[in-house]
Amino acid sequence: MQIDKLRGRELDQLFKAILSLRDVEECYRFFDDLCTVNEIQALAQRLEVARMLREGYTYHKIETETGASTATISRVKRCLNYGNDAYAMALDRIKEEEHETANEA
């Protein structure tokens, strides 16, 4: 993993802080303090690119809908194909949660 180079107390602290957040509203508050608007948008954009790639959208459609560069789309695709399967894990969990919420309604 590329991130292994950064592994340590500070990164552990960051991840523990994120894991301590209880709901979406707390995430909004935390990330508003932690990141710039552009950083938050870039993270959200990458996740959306991953979702769209998994659903078979073309680069052109992804570029048009998200504003992501082809370099960003390529990087996300590389992670989907050769990474740690974390995009898939997160997107699958989001989908499961949405499905459970819809069934409760």
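**Pocket linings in a predicted model**

By class, 2 nonpolar, no polar and 6 charged residues make up the lining of the second largest pocket. The model discussed here is predicted.

Me: What makes residues of the lining of the second largest pocket count as charged or nonpolar?
Reply: The lining consists of R51, R54, E55, L91, D92, I94, K95 and E98. Asp, Glu, Lys and Arg count as charged, whereas Leu and Ile count as nonpolar. R51, R54, E55, D92, K95 and E98 are therefore charged, and L91 and I94 are nonpolar.

Me: Which elements give two or more residues to this lining of the second largest pocket?
Reply: They are α3 and α6. The largest share, 5 residues, comes from α6. The space in this pocket is about 170 Å³.

Me: How much space lies in the largest pocket, and which residues are closest to its centre?
Reply: About 2,600 Å³ lies in the largest pocket. Of its 39 lining residues, L43, L47, A86, Y87 and A90 are the closest to the centre.

Me: Why do L43, L47, A86, Y87 and A90 count as nonpolar?
Reply: Leu, Ala and Tyr are in the nonpolar class, so these five residues belong to it. The whole lining of the largest pocket divides into 23 nonpolar, 3 polar and 13 charged residues.

Me: Which elements each supply at least two residues of the lining of the largest pocket?
Reply: These are α1 (9–20), α2 (24–34), α3 (37–54), α5 (70–82) and α6 (86–104). With 8 residues, α6 gives the most.

Definitions and conventions:
Residues are numbered from 1 along each chain as its sequence is written. This is a predicted model: local features need pLDDT of at least 70, side-chain atom pairs count only at pLDDT 80 or more; totals for chains, interfaces and linings use all residues. Side-chain values use heavy atoms; hydrogens and water are left out. On a 1 Å grid over the protein atoms alone, a cavity is a set of points where a 1.4 Å probe fits but cannot get out, and a pocket is an open set with protein on both sides within 12 Å along at least five of seven lines; lining residues have an atom within 4 Å of a point. Grid points are joined across faces, edges and corners, and a volume is the space filled by probe spheres set on the points. Helices (H or I, at least four residues) and strands (E, at least two) are DSSP runs, numbered from the N terminus.
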